[in-house]
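Load the model in a viewer and keep the selection panel to hand. The stops below each say what to select and what is there.

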Amino acid sequence: MKQPLLLLCHRIPYPPNKGDKIRSYHLLKHLSESYSIYLGCFIDDPSDWAYTDVLDELCEETCFVKLAPGKARAKSIKGLLNGEPLTLPYYFNNRLATWVEEVSRRKSITRFLAYSSAMAQYAMYDDNPFNVRIIDFVDIDSDKWRQYSTTKSWPMNWIYRREADRLLEFEKKVAKEFDKGFFVSLAESEMFKRLSPETDYKIHYYNNGVDTDFFNPGITLADPYPDSAKPIVFTGAMDYWPNVDAVVWFAESIMPKLLETEPQAKFYVVGGNPTDKVKSLAGKDYIEVTGRVEDIRPYMKHAIVSVAPMRIARGIQNKVLEAMAMARPVIASPQGYEGITATIDKELYVADEVEEWLDKVRQVLAGRSHETMGRDARERVVHDYSWQGSLSSLGQSLSEQD
C-alpha cells in the first residue's frame, strides 16, 4: 500500500508546456509511482482548468484554487505592511490552507513536499503533522527579483530590491526548518550555499530532464517555415518577463544588423500568451510571433538555429535542452547556458555581446557550425538529462524516514 504524500505547487503541473510546469509534472509523475499523491495547486491560466481530470487520474485527491493575478497583486501589498515578502500573501489562500490541515489529519499524511518557496508557508505553522518536509526551490527566486530591480527605475527598483532581500530571508528560513532543499542545477545549489552557509549540508539539486523520445529529431514533422526563410527560433512562454526581455533585445539589437548580410534571416518567436510588447515585434516583416502552437517540435526541428539570448535568468533553460535534444545548433547567452553541462563550441555556442551574437548566428546560417554539433548535443542530453535519473535523489530523501 502506497504511503500518502502532500504535494503543493504554485502552478498546476499540467500541461507540461513551460519550464516550471515541465519540472513539476515529471516530479508528480515520478512520485505517483511510489506514493498516493494529495495535490494542492493554483491555476492562473483559465485554459488550464481543462486539464484537471488528467491530474485527478494521477492523484488520490486534489485541491485546485483559482489565482487571479490582479487580485493576488492587491493581496501582496499586505507584505509591505507586515514586513514579509510580497510573494507570500500573493500565494496564500485560506481555502488551500484549510484543505492542507484537514486532509493531513484525515489521511494521516506525514510527508510534505513544496514546489517553490512560496508553497512552504503552508507547512510552517505550529504543530504541523509532517515528519518529513522537503522543498524543491527550483531556482533562487530572490535573485530573480534582484536582477529585475536593475532594469527598473524608482520606485519599482526599490520594491524589487526589497522583495529580493525579504524573500532571501524567507528562503533561508525554509532551508533551516525543512529537512532538505533541492535546486535545478549544481550552479544554483552552490550559489544558495554561499548565501546560506549555515544550511549548506541540507542543500542538493536534481537536473531538469528531457523526454528524448518525444523530442526526437528522427520523427517526421511538417516544416512550418517558408522555403525562402532562414529561420531562427526562440521558444518559451511569452508572458514570462525574462523571455519577453530576451526576444525584444534580440529583435532590436541583433536582427537589424544581421539582415545586412543575411537578408533571408527571419526570427520566429514561438510560445503562448505573447504580451503586447512581443506582439508589436510582428510588425516587422523579418519577425513572426506565432502565439501558442500545438507542437513546438516542428519549429525546433526545421529551424537553422535555436537561440536563448536570456539577460535575466535563474536555473536551467528547458528551451536549450529541448533544442539540443532535437539536434539543433543552439546559441545561448551566459545566463541561458548557466547550469547546463555541455561543451562550448562543440555541443552548443555561447555568446554575450552583440558582435559575438552576430558572429555565431552568421556562422550557423552560413552552414559553418561544428559539423557534428547537433548529434553531439543530443547525445549530451540523452546521457545527462533523463528524468528518471535526476529524480531518484529526491525520491530517496522522501523515503529515508517518517
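**Stop 1: helix 7**

Select helix 7 and colour its buried residues: Asp-141, Ser-142, Asp-143, Lys-144, Gln-147, Tyr-148 and Ser-149. Buried here means under 20% relative accessible area, exposed means over 50%, and partly exposed lies in between (1.4 Å probe, protein chains only). Helices (H or I, at least four residues) and strands (E, at least two) are DSSP runs, numbered from the N terminus. Helix 7 covers residues 141-149, and because seven of its nine residues are buried, it is largely enclosed by the rest of the structure. What do the buried residues of helix 7 pack against? Show helix 8, helix 9 (186-195) and helix 10 (241-258), which are the elements they pack against.

Before moving on, note that this is a predicted model, in which local features need pLDDT of at least 70 and side-chain atom pairs count only at pLDDT 80 or more, while totals for chains, interfaces and linings use all residues. Residues are numbered from 1 along each chain as its sequence is written, and side-chain values use heavy atoms, with hydrogens and water left out.

**Stop 2: Arg-162**

Go to helix 8 (residues 156-177) and select Arg-162. Is Arg-162 buried or exposed? With a relative accessible area of 8%, Arg-162 is buried. Contact means heavy atoms within 4.5 Å. With neighbours within four places in sequence left aside, the contacts of Arg-162 are Gly-79, Leu-80, Gly-83, Glu-84, Pro-85 and Leu-86. Now add Arg-146 and draw a C-alpha to C-alpha distance to Arg-162: the value is 8.6 Å, for two residues 16 apart along the chain.

**Stop 3: a nonpolar surface patch**

Turn to the surface and select Ile-77, Leu-80, Leu-81, Trp-154 and Trp-158, which form a nonpolar patch with about 640 Å² of accessible area together. Patches are made of residues with over 30% relative accessible area and no salt bridge; like charges are joined within 9 Å, and nonpolar side chains (Val, Leu, Ile, Met, Phe, Trp, Tyr) within 5 Å. A salt bridge is a side-chain nitrogen of Lys or Arg within 4 Å of a carboxyl oxygen of Asp or Glu. Accessible areas come from the Shrake-Rupley method with a 1.4 Å probe, and for residues only the protein chains shown count as cover. Within the patch, pick Leu-81, which is found in helix 4 (residues 78-82). Leu-81 counts as exposed because its relative accessibility is 75%.

**Stop 4: two cis peptide bonds**

Most residues other than glycine have a negative phi, and most peptide bonds are trans. Trp-154, from the patch, is joined to Pro-155 by a cis peptide bond with omega about 10 degrees. Pro-155 lies in the loop between helix 7 and helix 8. For the other cis bond of this stop, select Tyr-14 and Pro-15, where omega is near -5 degrees. Pro-15 is in the loop between strand 1 (3-9) and helix 1 (19-31).

Keep Tyr-14 and Pro-15 shown and add Asp-48, which is in contact with both, and with Ile-12, Lys-21 and Ile-43, leaving aside its neighbours within four places in sequence. Asp-48 lies in the loop between strand 2 (35-43) and helix 2 (52-58), and is buried at a relative accessible area of 2%.

**Stop 5: positive phi**

Asp-127 is not a glycine, yet has a positive phi of about 60 degrees. Find Asp-127 in the loop between strand 4 (111-115) and strand 5 (132-138); its relative accessible area of 76% makes it exposed. Val-138, also not a glycine, has a positive phi of about 70 degrees. Val-138 lies in strand 5 and counts as buried at 12% relative accessibility.

**Stop 6: cysteines**

How many disulfides does the structure hold? It holds zero, a disulfide being a pair of cysteine sulfur atoms within 2.5 Å. Select Cys-9: the nearest cysteine sulfur, that of Cys-41, is 6.2 Å away. Cys-9 is buried, at 0% relative accessible area.

**Stop 7: the open sheet**

Finish with six strands that form an open sheet in the order 10-9-8-11-12-13, with parallel pairing. Strand 10 (287-291) and strand 13 (349-350) are the edge strands, each pairing on one side only. Two strands pair if DSSP finds at least two bridges between them. Strand 8 (residues 230-235) and strand 11 (residues 305-308) pair in the parallel sense over two bridges. Select Val-233 and, opposite it in strand 11, Ser-306.
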